[in-house]
Amino acid sequence: MKIDIEEQLNRAELDPFLEGVPGATFFHAPAWMESLCSSFARLQPVWITAREDGRLQGLMPLCVSRRGPVHSLAAMPFGTYGTPLSTDPAVKSAVLSRYIGMASAPSCAASSASLFGMEESGVPAPPGRIRMEECRVIGLAGGFESYRSGALSAKKRQICNRCEREGIVVKILSSSAEFDDFYEVYSRGSVRWGGVHPYPKAFLAGLFARREEGVLFWGAFSGGEMLGGHIDLYFGGTAQAWQAGISPRSHEMGISSYLVYNAAREACARGASAFNLGSSGGDEGMIFFKESMGGKKVLYPVIETRKLWWKPLRRK
């Protein structure tokens, strides 16, 4: 088995591999890597691969960001998942060990790998720390009606029923004008989140153009007014809630609940068995919302390293 570093993978090879390996998410798909690296010039794509007689047996996606003689690693950027994939646990471990070796290099200033789907006990001893991150995941194996009558709280069912009675329309966005309306709502609401938010419009526009690859932008409308929107990523057996934007007056109307409700219906129609609502960053109100929508707590390890000299260097 040869463990190597590759900067490009052929889609003709990558796509069938991802379709056949357990644990693959949209964040492993080329659509995500291509969108990131085309929108953020500092990010360079890298794949740690495992090959047997040239055949792909395992991989781990990550992005490299260089600054002079030093660099940082992210598997993947912005807290998205870079879990190593293989049908063979030994291969997964070998690929992850190679990543840890890269993160240990003197020239690696900082690194982060979000390993959704793995247990802490399955992570080799890293050079930095392992922390456990949380997310809430809705189980959809029983289909939408089972979800609606079982996992969804009674209060949320009432809210969604009311939205239906009041004529709130939730639909998949398709036009450039609808995208512009979405971005306006999203950017206004996300400014207070800080960090990378709001994401650049060009980045989200690039994702919007990938509707055929599982990227869906949703909008909730009353009359002609967009009250809120959602970005959900569909791949294989998993749907992933990623970004949202809600207008101020829509909170009391339950628009956020109705958006998730409709996205879960779409996930079931696509054959997904799980809808990952993502991490809540310790926000108790957000945790309550996701659990009332049927989300169950799932923990996964995040490996982080940081050289002591990196923080002051970044300030220069």
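This report describes selected helices, strands, salt bridges and individual residues of a predicted model.

## Helix H1 and its surroundings

Helix H1 spans residues 11–20, and its buried residues include Leu14, Phe17 and Leu18. These three residues lie on the same side of H1, because they cover an arc of only 95° around the axis. The face turned away from this buried side carries the exposed residues Ala12, Glu19 and Gly20. One helix and several strands receive the buried residues of H1: they pack against helix H2 (30–39), strand E2 (43–52), strand E3 (55–67), strand E5 (85–86) and strand E10 (225–235).

The N-terminal end of H1 is capped by asparagine 10. In this cap, a side-chain oxygen of asparagine 10 lies 2.7 Å from the backbone nitrogen of alanine 12. Glutamate 19 also belongs to helix H1. Its relative accessibility is 68%, and glutamate 19 therefore counts as exposed, the cut-off being over 50%. Between the C-alpha atoms of glutamate 19 and glycine 142 there are 22 Å, and the two residues stand 123 residues apart along the chain.

## Strand E6 and its partners

Strand E6, made up of residues 108–114, is mostly covered, with six of its seven residues buried. Strand E4 (residues 70–75) runs parallel to E6, and five bridges join the two. Within this pairing, serine 112 of E6 is the bridge partner of alanine 74. E6 is also joined by five bridges to strand E13 (residues 296–306), and here the strands run antiparallel.

In the pairing of E6 with E13, serine 111 stands opposite threonine 305. What joins the side chains of threonine 305 and serine 111? A polar contact of 2.5 Å does so. Threonine 305, located in strand E13, has a relative accessible area of 10% and is buried, because the cut-off for a buried residue is under 20%. When neighbours within four places in sequence are left aside, the residues in contact with threonine 305 are Ala103, Ala109, Ala110, Ser111, Pro127 and Gly128.

## Salt bridges

Side chains of opposite charge can pair when their charged atoms come close. The model contains 17 salt bridges. One of them joins arginine 51 and glutamate 6, whose closest N and O atoms are 2.8 Å apart. This pair links distant parts of the chain, since arginine 51 lies in strand E2 and glutamate 6 in strand E1 (residues 2–6), 45 residues apart. Both arginine 51 and glutamate 6 are buried.

A further salt bridge is formed by aspartate 180 and lysine 201, with 3.1 Å between the closest N and O atoms. Aspartate 180 lies in helix H6 (residues 176–190) and lysine 201 in helix H7 (residues 201–208), so this salt bridge ties together parts that are 21 residues apart in sequence. Aspartate 180 is partly exposed, at a relative accessible area of 37%. Lysine 201 is likewise partly exposed, with a relative accessible area of 37%.

Glutamate 184 and arginine 188 meet through their side chains in a salt bridge, at 3.0 Å from N to O. These two residues are four residues apart in helix H6, which means that about one helical turn separates them. Glutamate 184 counts as partly exposed at 42% relative accessibility, and arginine 188 is partly exposed with a relative accessible area of 49%. Elsewhere, Arg11, Glu34, Arg210 and Glu213 are joined into one network by salt bridges that share partners.

## Phenylalanine 78 in its loop

Phenylalanine 78 is located in the loop between E4 and E5. Is phenylalanine 78 buried, exposed or partly exposed? At 27% relative accessibility, phenylalanine 78 counts as partly exposed, because this value falls between the cut-offs of 20% and 50%.

Which residues does phenylalanine 78 touch, not counting residues up to four places away in sequence? They are Leu36, Phe40, Arg42, Val196 and Tyr199. The C-alpha atom of phenylalanine 78 is separated by 16 Å from that of alanine 202, a residue 124 residues apart from phenylalanine 78 along the chain.

Terms used: Residues are numbered from 1 along each chain as its sequence is written. This is a predicted model: local features need pLDDT of at least 70, side-chain atom pairs count only at pLDDT 80 or more; totals for chains, interfaces and linings use all residues. Side-chain values use heavy atoms; hydrogens and water are left out. Buried means under 20% relative accessible area, exposed over 50%, partly exposed in between (1.4 Å probe, protein chains only). The arc is that of the directions from the helix axis to the C-beta atoms. Contact means heavy atoms within 4.5 Å. A polar contact is a pair of N or O atoms within 3.5 Å; within protein, one must be able to donate a hydrogen and the other to accept it, and residues adjacent in sequence count only if both atoms are side-chain atoms. Two strands pair if DSSP finds at least two bridges between them. A salt bridge is a side-chain nitrogen of Lys or Arg within 4 Å of a carboxyl oxygen of Asp or Glu.
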